[in-house]
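Q: Please take a close look at the backbone of the loops in this model, in particular at unusual peptide bonds and phi values. Set what you find against the protein as a whole.

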Amino acid sequence: GLFICASTLGHAHMVVPPPRNAVDKDLAPWNGSVPASWNHHVDSYICPMASGVGEEGLTLRNGQSCFYFSHGCTIQCDKCDGKTPRFGSTCGNGATAKATICDPSLRTLNRNATCGSKEDKYYFSPWRAPGSSPVFDACGLAGGSPQSQGAPGWAPGGAASAGVRYMNTTHAKQGDRGSHLPAAPSGTVWQAGSLVEVSWTMRSNHGGGYQWRIAPAGGDLPEAAFQRFVLEPVGMSSLRWGGVGGKRLYFAPTRISSGTVPIGSTWTMNPLPRVDASQHPHMKDSFPAPCYDPNAPGEYGRDGLCSGWYGPDNLEVVDEVRVPAALTPGSYVVQWRWDCEESSQVWANCADVTVVSVKP
């Protein structure tokens with residue numbers, strides 16, 4: 001019923017460049033076709049994305065990429081608790097933590113609540129001070145929480161505190177660090193100083209916003225390494241249905257660079273509303289969608305063109321970002337970090353790329 005839906009947790013994953021988090025893609029069921037029907041709620045192991053075969057075609061080749069995240073993380077804390085899904089601080093800093101996003105036009109849910117009031121229940125969520133929330137791992141943690149935390153006896157097969165369990169495979173298991181996954185060379189080559197295209201896709205929408213970053217490959221890949229080199233977005237964003245070469249719509253994104261971490265770096269608001277205010281103006285968690293969709297779903301809905309609680313599965317959010325000119329040629333890891341607003345969660349995927357020198 002609706003109570004189950006209301007407790008769902010966000011899921012999304014990197015598409016371009018292809019993430020190393022897709023480590024299970026060679027195993028069943030991810031090496032097969034998308035099932036005819038599947039549970040859009042969190043406890044199915046489906047991370048669909050556009051296959052590039054027709055506008056509606058889907059593939060599972062991203063494995064369980066949409067299950068790498070950090071759970072129980074709130075603004076200006078020093079660590080995540082692994083168990084608190086939403087509302088309030090997870091580290092006891094409620095008296096001192098200060099949201100830097102208060103403007104309703106930068107918020108993705110509950111916009112009518114006065115900032116900091118009792119009604120502003122998402123005040124401590126990661127998006128409300130972008131980049132300031134801690135993570136378990138900069139490339140995401142399989143299943144969102146270490147197995148040592150959670151309800152008594154919690155383990156795969158038990159009740160998961162993070163609202164989801166990673167389906168353990170021969171490649172990865174619940175609690176594994178995304179940064180420790182084997183490198184997965186994507187064949188992606190970027191030139192230092194150039195503009196490149198990156199994209200991600202939504203599975204379960206929890207508002208908030210995102211940032212792209214890059215760090216030298218090798219070593220531990222802590223969050224601080226990615227904070228050194230932000231891939232700053234340039235120009236318009238676009239929606240793309242059906243994969244590379246598919247239908248495309250450019251739109252003006254909402255971006256913010258004050259009150260962010262790293263200081264002065266640009267974050268981009270998730271442009272996909274859970275409910276499109278253009279069609280459902282009185283819904284509390286709505287704002288206008290970036291595309292025209294006369295059939296936009298209401299609360300708990302899916303199958304919208306560019307809105308909904310779930311998906312759209314065949315849609316990517318695409319940005320052009322600037323590769324820092326100062327990068328020396330070599331192997332790098334790209335991080336996509338999504339700070340949620342509806343939940344105390346940070347999603348992250350990482351991908352392997354090669355950076356070559358600026359042309360003379």
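A: A contact here means heavy atoms within 4.5 Å. On that basis, among contacts in this predicted model between residues at least 6 apart in sequence, 70% join residues at least 24 apart. The protein has 2 helices and 18 strands.

The loop between β15 (286-287) and β16 (315-322) deserves the closest look. Pro-312 lies in this loop, and the peptide bond leading into Pro-312 from Gly-311 is cis, with omega near 0°. Tyr-300 is placed in the loop between β15 and β16 as well. The phi of Tyr-300 is near 65°, a positive value in a residue other than glycine. As for solvent, Tyr-300 has a relative accessible area of 31% and is therefore partly exposed, given that buried means under 20% and exposed over 50%.

A cis bond also occurs in the loop between β12 (255-256) and β13 (267-269), where Pro-262 is found. Here the cis peptide bond joins Val-261 and Pro-262, and omega is about -5°.

A positive phi is also found at Leu-221, a residue other than glycine, with a value near 55°. Leu-221 sits in the loop that runs between β8 (209-216) and α2 (223-227). Its relative accessibility is 6%, so Leu-221 counts as buried. Set side by side, Leu-221 is buried, whereas Tyr-300 is partly exposed.

Now the protein as a whole. Buried residues make up 57% of its 360 residues, and Leu-221 counts as buried. The radius of gyration is 19 Å; a compact globule of 360 residues would have a value near 21 Å, so the protein agrees with that expectation. Taken along the principal axes, the box filled by the C-alpha atoms is roughly 55 × 45 × 45 Å.

At the surface, the accessible area of the protein comes to about 13,800 Å². Carbon and sulfur atoms account for 56% of that area. The protein carries 28 positive and 29 negative charges, and the mean positions of the two sets are 3 Å apart.

To return to the loops: cis peptide bonds lead into Pro-262 and Pro-312, while positive phi values occur at Leu-221 and Tyr-300. Of these, Pro-312 and Tyr-300 lie in the loop between β15 and β16.

How values were computed: Residues are numbered from 1 along each chain as its sequence is written. This is a predicted model: local features need pLDDT of at least 70, side-chain atom pairs count only at pLDDT 80 or more; totals for chains, interfaces and linings use all residues. Side-chain values use heavy atoms; hydrogens and water are left out. Helices (H or I, at least four residues) and strands (E, at least two) are DSSP runs, numbered from the N terminus. Buried means under 20% relative accessible area, exposed over 50%, partly exposed in between (1.4 Å probe, protein chains only). The radius of gyration is taken over C-alpha atoms; the globule rule is 2.2 Å times the number of residues to the power 0.38. Accessible areas come from the Shrake-Rupley method with a 1.4 Å probe; for residues, only the protein chains shown count as cover. Lys and Arg count as positive and Asp and Glu as negative; His and the chain ends are not counted. The place of a charge is taken as NZ of Lys, CZ of Arg, CG of Asp or CD of Glu.
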